[in-house]
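User: I'd like a close look at a single part of this model, please. Could you walk me through the place where the chains meet, and then follow the charged pairs from there?

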Number of protein chains: 2
Amino acid sequence: MARRNDHSREEIQAMAIEAAIDILNNEGPGSLSTRKVAKAIGYTVGTLYLVFKNLDELILQVNATTLDELEDGIVAVSQDQLNPVSTLKAMALAYLHYAQDNFARWSLLFTWRLPEGEPVPEWFDAKVAGVFEKVREPLQQLRPDSDAQTCLQAAREIWSGVHGACDLGLNGKLSFGGEFKPDTLIESLVENYLIGFAKA
Amino acid sequence: MARRNDHSREEIQAMAIEAAIDILNNEGPGSLSTRKVAKAIGYTVGTLYLVFKNLDELILQVNATTLDELEDGIVAVSQDQLNPVSTLKAMALAYLHYAQDNFARWSLLFTWRLPEGEPVPEWFDAKVAGVFEKVREPLQQLRPDSDAQTCLQAAREIWSGVHGACDLGLNGKLSFGGEFKPDTLIESLVENYLIGFAKA
DNA sequence: TGCATTATTGAACACTGTTCACTATTCTTA
DNA sequence: TAAGAATAGTGAACAGTGTTCAATAATGCA
């Protein structure tokens, strides 16, 4: 046997998450396995199960960091925008570009399903809510007289559109007749939706 | 050994597809396996591989029937509508309801990824194009002066939205603050988008 | 009836997530 | 310092996965 107390539980967790991200980036989704992660951090599977309940829990943590980065990316571009419409467009494009640049992780975030009974932990839901709040803000600016609930609903609607375009677009489900640029698609989608939203 | 020539290759294929659909409906996605399908149709795995190249090919066929049913469902409700807007709303809701009622199969259609090199066969892409053509028609009615390419682009946009709402909604990614009804969400999304699209 | 053909089998291989009896290292106490 | 308790870490084992392919048994034909 090798080291003991070389790393704390928290350190091993962090190492595992990092290793998992590396594997996802380099070998794509579906190549992630407990043995691969264990090997990458210099431990065996058993240790992984000492630190995570199971693979689902590890993936949940990976998805959490993905969600954080996604939010950071969206917030970053929304700083220096002149009006709510251009803010929302910039945010949508930031979402697309993150998904393009980190396809495996972005994919995992949406394709991974917990086993039947297991509910998504509330801290995860809270993170999701945080992202949507960032989308709600410019929508609120666009219609200051509407209540927060209405704008939150609109955030769900517009972000569904952006997400759907990324999902279908990046998975080759939209490339069938004529050229098709995801950037243009998303910009036009946001534009058209906001005309309707602003008018009502 | 048992029967011989009891069923033709085509019959075994059809039986396998049907069995796979049953398993998906009853046990959810992720419970599908070659051995289970083989057992369900009274053959062994070996026979399955005589009739399908691999599991991917079987799933592709399952997805093809899902796509067919999806198109049928959308076309059915679009018959007796008074105007393009109500047609598109009805189609969107039909899409949602199909996804709700056949969650496992609808899920499989979008989460299944072929191995790295393998391209989606063109007959599959053609099927997808067929569905989008059905969406393009009412959009064309809405803006008769626009060319087909513009309306096809709009079809991609609006259907991305509808699909994204189903994806996030049915996977519990939108249920975080306040009540949330997928039907209402989708209707409002389509409505707002079409205001923008009709106006331009 | 005997032979060639071929549909069908199921054991084997390399992988997966998960468990747990065991081992080796560290910490505590005498 | 020596003995013992506590525990970090292991890795073999189990049940499952997709896939292959030599062996087998049922059929059609001569």
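How many residue pairs are in polar contact between chain B and chain A?

Analyst: Happy to take you through it. This is a predicted model, and between chain B and chain A it has 16 residue pairs in polar contact, counted where both residues are at pLDDT 80 or more. On the side of chain B, the elements that give two or more residues to the surface touching chain A are α6 (103–111), α7 (122–142), α8 (148–170) and α9 (182–199). Of these, α8(B) gives the most, with 13 residues. By residue class, the side of chain B that touches chain A divides into 19 nonpolar, 17 polar and eight charged.

Charged residues are present on that side, then, yet the rule finds zero salt bridges across the interface of chain B and chain A. The overall extent can be put in two ways. As contacts, 44 residues of chain B meet 44 residues of chain A. As area, the two chains bury about 3700 Å² between them, and 60% of it is on carbon and sulfur atoms. Within chain B, the residues that lose the most area to chain A are B:R113, B:R156 and B:F176, together 18% of what that side buries.

One of the contributing helices, α6(B), deserves a closer look. Seven of its nine residues are buried, so α6(B) is largely enclosed by the rest of the structure. The buried residues are B:A104, B:R105, B:W106, B:S107, B:L108, B:L109 and B:F110. Their cover comes from both chains: it includes α8 (148–170) of chain A, together with α1 (9–27), α4 (55–78), α5 (84–101), α7 and α8 of chain B.

Now to the charged pairs. Side chains of opposite charge can pair when their charged atoms come close. Although the interface has zero salt bridges by the rule, a search of the whole structure finds 14 over all chains. Three of them, each within a chain, are worth following.

In chain B, B:R136 forms a salt bridge with B:E133, with the closest N and O atoms 2.8 Å apart. Both residues lie in helix α7 of chain B, three residues apart, which is about one turn of the helix. B:R136 counts as buried because its relative accessibility is 14%, under the 20% cut-off. Its partner B:E133, at 27%, counts as partly exposed.

In chain A, A:K89 and A:E191 form a salt bridge whose closest N and O atoms are 2.6 Å apart. This pair links distant parts of the chain: A:K89 sits in helix α5 (residues 84–101) and A:E191 in helix α9 (residues 182–199), 102 residues apart. A:K89 is buried at 18% relative accessibility, whereas A:E191 is partly exposed, with a relative accessible area of 39%.

The other chain A pair joins two loops. A:K53 forms a salt bridge with A:E118, the closest N and O atoms being 3.2 Å apart. A:K53 is in the loop between α3 (45–51) and α4 (55–78), while A:E118 is in the loop between α6 (103–111) and α7 (122–142), so this pair too links distant parts of chain A, 65 residues apart. Here A:K53 counts as exposed because its relative accessibility is 53%, over the 50% cut-off. A:E118 is partly exposed, with a relative accessible area of 39%.

Conventions
Residues numbered from 1 in each chain as written. Chains lettered and ligands numbered in written order. Predicted model: local features only at pLDDT ≥ 70, side-chain atom pairs only at ≥ 80, totals over all residues. Heavy atoms only, no water. Contact = heavy atoms within 4.5 Å. Buried area = accessible area lost by both parts, 1.4 Å probe. Salt bridge = Lys/Arg side-chain N within 4 Å of Asp/Glu carboxyl O. Polar contact = N/O pair within 3.5 Å; in protein donor to acceptor, adjacent residues only side chain to side chain. Helix = DSSP H or I, 4+ residues; strand = E, 2+ residues; numbered from the N terminus. Nonpolar A, V, L, I, M, F, W, Y, C, P; charged D, E, K, R; others polar. Buried < 20%, exposed > 50% of the residue type's maximum accessible area, 1.4 Å probe, protein only.
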